[in-house]
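Hi everyone, thanks for coming. I'd like to walk you through one chain today, so let's bring it up on the screen.

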Amino acid sequence: MRQPTLSEIFPETAVDAAAPAFALAHLDPGGGPVLWIQDRLSLRESGRPFPPGLGGYEILHLQVSRAQDVLWAMEQGLGCPALGAVIGEIWGIAPAVDFTATKRLALRSEAHGIPAWLIRRGTAPELSAARERWRVAALPARPEPDDARAPGAALWSAELFRTRFRAPGRWVAGHDPQSGDLAFDHAIDMDAAEARRAMA
């Protein structure tokens, strides 16, 4: 069982829907409502979550103006025991998302046992206290066994590039067709230098 903490996702393209799908894949749909907070640009550029298409997750959506408002709302949400998770989306370079702010979110997530995911669109990774940092991109879906013309189950390229809890790496990730659980298959090798940087 994954211990609740703060994780960051950097989509390889800013509007890639793989990032929120990957975050949701780590959560239990029956674990409680998900507080989903978007700043103004994230909502405008990538769209609002559509709960009927999210596979049974109960979504509480909050739109705010600025990155600092996303951080404040996430911190407040992480103190609410009724929530199953908190997801925040921030667009572009945001000086408010610094080491101190992310450290506060990580500690609050861990103290209250509520997973926190911060999706950073349209920016490069900077200094952060997030316990895991991912780069995620959509891949062609699995073949649909009953209809070759229909879209199959989603697959993602997932690179864990900063972590202190487990070995970093790159995988093809998706839901296991049998169990429905998130599975990391087809590991893509990282060279030794990349692996050392990821553990730093």
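A quick word on terms before we start: helices and strands here are DSSP runs, at least four residues for a helix and at least two for a strand, numbered from the N terminus. With that in mind, have a look at Ala150, which sits in the loop between E6 and E7. And do keep in mind that this is a predicted model.

Is Ala150 buried, exposed or something in between? Its relative accessible area is 27%, and partly exposed covers the range between 20% and 50%, so Ala150 counts as partly exposed. Now find Thr5 as well: Ala150 and Thr5 are separated by 145 residues in sequence, and their C-alpha atoms are 36 Å apart.

Let's step back to the whole chain. There are five helices and nine strands, and reading along the sequence you get β-α-β-α-β-α-β-α-β-β-β-β-β-α. The C-alpha trace spans about 45 × 45 × 30 Å along its principal axes. How does the radius of gyration sit with a compact globule? For 200 residues such a globule would come out near 16 Å, and the chain has 16 Å, so the two agree.

On contacts, take the ones with a separation of 6 or more: 71% of them join residues 24 or more positions apart.

Now for the inside. Of the 200 residues, 44% count as buried. As a general point, nonpolar side chains in soluble globular proteins tend to be buried together. Here the largest nonpolar core has 24 residues, and those with the most contacts inside it are Ile9, Phe22, Leu27, Ile87, Trp117 and Trp134. Several elements give two or more residues to this core, among them strands E2 (34-38), E4 (85-91) and E5 (116-121). Which element gives the most? That is H1, with six residues.

Leu27 is a nice one to click on. Beyond its neighbours within four places in sequence, Leu27 is in contact with Val34, Tyr57, Ala85, Ile87, Pro115 and Trp117. Apart from that core lies another, of 22 residues, including Ala67, Leu105, Ile114 and Leu118.

Last stop, the surface. The chain exposes about 10200 Å², and carbon and sulfur atoms supply 54% of that. As for charge, there are 21 positive and 24 negative ones, and their mean positions are 7 Å apart.

That's my tour, and I'm happy to take questions.

Technical notes. Residues numbered from 1 in each chain as written. Predicted model: local features only at pLDDT ≥ 70, side-chain atom pairs only at ≥ 80, totals over all residues. Heavy atoms only, no water. Core = buried A, V, L, I, M, F, W, Y, C linked by side-chain atoms within 4.5 Å. Buried < 20%, exposed > 50% of the residue type's maximum accessible area, 1.4 Å probe, protein only. Contact = heavy atoms within 4.5 Å. Rg over C-alpha atoms; globule rule 2.2 N^0.38 Å. Areas by Shrake-Rupley, 256 points an atom, 1.4 Å probe, with all protein chains shown as cover. Lys, Arg positive; Asp, Glu negative; His and termini not counted. Charge placed at Lys NZ, Arg CZ, Asp CG, Glu CD.
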